[in-house]
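Thanks for making the time this morning. I would like to walk through one model with you, and I will keep to what can be computed from its atoms.

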Amino acid sequence: MIFDFELIADSIPKMLMGIGLTFQLLFLSAILGLILAVLLLLMRISGKWYLSWPAQVHIYIFRGTPILVQIFIIYYGLPQFEFIRDSIFWPILREPFGCAILALTLNTGAYVSEILRGGVLGVDRGVLEAGAALGLSVRQKFIYLTVPIAARLSLPAYSNDFISLMKATSLASTITLVDMTGIARTIVSQTFAPYEIFISLAIIYMILTWVFQKTFGRIEKYLSRYVKPEGLA
Amino acid sequence: MTNIAPAASPETLIQMKSVNKYFGNFQALKNINLEVKKGEKIVVCGPSGSGKSTMIRCINRLEEHTDGHIIIDGNELTDKVKDINAIRREVGMVFQSFNLFPHMTILKNLMLAQRLVRKTSKAEARETAMHFLERVKIPEQADKYPVQLSGGQQQRVAIARALCMKPEIILFDEPTSALDPEMINEVLEVMTDLAKEGMTMVCVTHEMGFARSVADRVIFMDAGEIVEEAEPEDFFLNPQNERTQKFLSQILTH
Amino acid sequence: MEAVTGWWDDYFWGSVIVLQVFVCSLILMVLFGLIGAAAKLSNNRFAQKLAAGYTVAFRGTPEILVILLLYFGSAITLTAIAQVFDPEVKFVDLSPFWSGTLAIGLIVGSYATETFRGAFLGVKPGSIEAARALGMSNFQTFVYVRIPEMWRLALPSFGNHMLSLIKDTALISIIGLNETLFVAKQAIGTTGKPFTMYIVVGCVYLGFSTVITLTVMWLEKYGNKHMESAR
Ligand SMILES: Nc1ncnc2c1ncn2[C@@H]1O[C@H](COP(=O)(O)OP(=O)(O)O)[C@@H](O)[C@H]1O
Ligand SMILES: [Mg+2]
């Protein structure tokens, strides 16, 4: 196989023009997804069925179906209804960008919520009892003990989900958005050089994955300073 | 606060009357009656599973008793107790597994509840924390994290953490059973000092030397019941109940 | 919902295709996972590097890119090869079914590599030694101790991998595999009811996911029971 290096050199800058959109999709839905995840988690552990039920249904549906189907339902499906077209959300739902953010947020929120729940369940019961024995209220125990400990426990799984989310942003190209993958698909349809283009793009994504993994690794190491015994007394 | 039980004498800090505790169908505590006066040191012993932990956990309501009355410093523990945390801050507890807050430095471990529950100022909380760290002889570890300390040091921190709340009573649940033998003494020393200063203590332990030198009374539990209650000399030299005799022969010979 | 009438059999056959892709990619996934794990655990430096490259590449690339690459890439390669033998040939491709199946098998296989490797290393040396002490042969130890223990350790992640496979099947519709999402697209073309048609697809996938989840839960329970009675 002969690689057309000139084409690669030409195409990489073109594809990188889409990285801004990739990042917008990634960071916006990551932040909104995290907020949603916390809300879903609080609903689940509230102990009230009318809160925990909807949260569980949301998680079940969004983890049980392909993200591509979710994107299509939101982008192509929702406009089927007139009340949606008349609603105040229409300016967002009309745009592929808004739909992509919505779909990615709802999807990652469901996954991250489960990750956080794992973290909360992983908090040592004895530590919480010690808090209670000192007179901390339920809310104080949650804020000062559960949250920081659970956050650290959740971080490795969260970093994996963040990478998955980054990969999922590439699906925005299926609803006309021109992120990196969208640009690559256009170039391939013009040049019919899938190896050169797709492999170059794959490498760009791998580099991003590597950077994010390193970053999360750093954060994890910092947060774990109290886990690894160093200089044991 | 309604107080159904007859008032105890003013210096009674803990009063348990006909307390029963069920886990589902299983009865973990059977008709427990116990009175602890201010300044008294009680040692509780008994075989594993006899309900020792359950009993002292009921005293600060980490477990809820099923029926009977528990009165702490004049306040009865019921569902209606509005501010259980107000009672809990008067009752310190030290656990077998230390249960320090892993994500905080030693100093922060000692300051957290002072700040949140007692609403002490930061400076004062720090001062109190350092004072008690000195009392348990590890002020130099203040800025370390719990995992960086040995088990014995962690348990001493846990005791200091309880003391920072200036409690009326401290409950100990087998504070030395998770420790390597060479660390047991450093913890017992701290506890002995505390006893000498007049702290009211209820202590689940099988350290018989400690019981002899410190306890005012020793309580023996078996199968959820208080089987025998006596002064240490009588308890060890002249146990009345057959089950106590059997238990003592087991732990003293090995 | 009336709009769906007349499309049920298309959805049915689409679901059959989902199932076929699932089964084939599952076999590939296990295969790639075992090979990858074996390579990572081997003493051969080259094999280790290769396996490391495999997992890094497939875990760091969006699934859709792998699918597109395999489909369009195989098309040029196969066409070029075919033209060597017969210059008249215009276009040869690996079918969407097989390029898609291969792609998701490779992707999820890269995750399975770690799962199998972890499960192999997770077996406690104690149980192996105990088995040897009882006089079991190497082979017996492997079959009666190591495999069941590995299976138990790998099962939860393995369940997640199966869920990934079934959901990734939907991506293959992008290269024209006529599974349910593809069916929905056609149905929308004639009925103009996108929401209804895509919801049906969602339900199909939710059904498959549920069956997989329940099966894994059942297996886990069975596995643990087996463990308890063995104690
Ligand atoms: N949360 C619980 N649920 C059910 N049973 C419990 C629980 N906690 C303790 N028990 C049971 O109550 C009995 C007494 O336990 P415990 O008080 O921990 O004994 P000890 O501290 O004397 O070893 C044991 O049989 C134990 O299994
Ligand atoms: Mg106990």
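I will take the contact between the two chains, and after that the surroundings of the ligand.

Please bear in mind throughout that this is a predicted model. Let me begin with the interface, where 29 residues of chain B are in contact with 27 residues of chain A. The area buried between chain B and chain A comes to about 2300 Å², and carbon and sulfur atoms give 64% of that area. On the chain B side, the residues that lose the most area to chain A are B:H103, B:L116 and B:Q148, which together account for 24% of what that side buries.

Turning to the specific polar interactions, the count between the two chains is one salt bridge, and that salt bridge is formed by B:R57 with A:E129, whose closest N and O atoms are 2.6 Å apart. There are also four residue pairs in polar contact between chain B and chain A, counted with both residues at pLDDT 80 or more.

If we ask which elements give two or more residues to the side of chain B that touches chain A, they are α2 (84–88), β6 (91–94), α3 (106–118) and α5 (151–163) of chain B. Of these, α3(B) gives the most, with four residues. Sorted by class, that side of chain B has 16 nonpolar, seven polar and six charged residues.

Now to the ligand. Which residues surround ligand 1? The shell consists of B:F23, B:F26, B:A28 and B:P47, followed by B:S48, B:G49, B:S50, B:G51, B:K52, B:S53 and B:T54. By class, the residues of this shell divide into four nonpolar, six polar and one charged.

Three distances to oxygen atoms of the ligand deserve a mention. For B:T54, an N or O atom in the side chain is 2.5 Å from an oxygen atom of ligand 1, while for B:K52 a polar side-chain atom lies 2.8 Å from a ligand oxygen. With B:G51 the partner is a polar backbone atom, which is 3.0 Å from an oxygen atom of ligand 1.

As for how far the ligand is enclosed, ligand 1 has 560 Å² of accessible area on its own, and the protein covers 61% of it. The elements that give two or more residues to the shell are β2 (26–37) and α1 (52–59) of chain B, and α1(B) gives the most, with three residues.

Technical notes. Residues numbered from 1 in each chain as written. Chains lettered and ligands numbered in written order. Predicted model: local features only at pLDDT ≥ 70, side-chain atom pairs only at ≥ 80, totals over all residues. Heavy atoms only, no water. Contact = heavy atoms within 4.5 Å. Buried area = accessible area lost by both parts, 1.4 Å probe. Salt bridge = Lys/Arg side-chain N within 4 Å of Asp/Glu carboxyl O. Polar contact = N/O pair within 3.5 Å; in protein donor to acceptor, adjacent residues only side chain to side chain. Nonpolar A, V, L, I, M, F, W, Y, C, P; charged D, E, K, R; others polar. Near = heavy atom within 4 Å. Areas by Shrake-Rupley, 256 points an atom, 1.4 Å probe, with all protein chains shown as cover.
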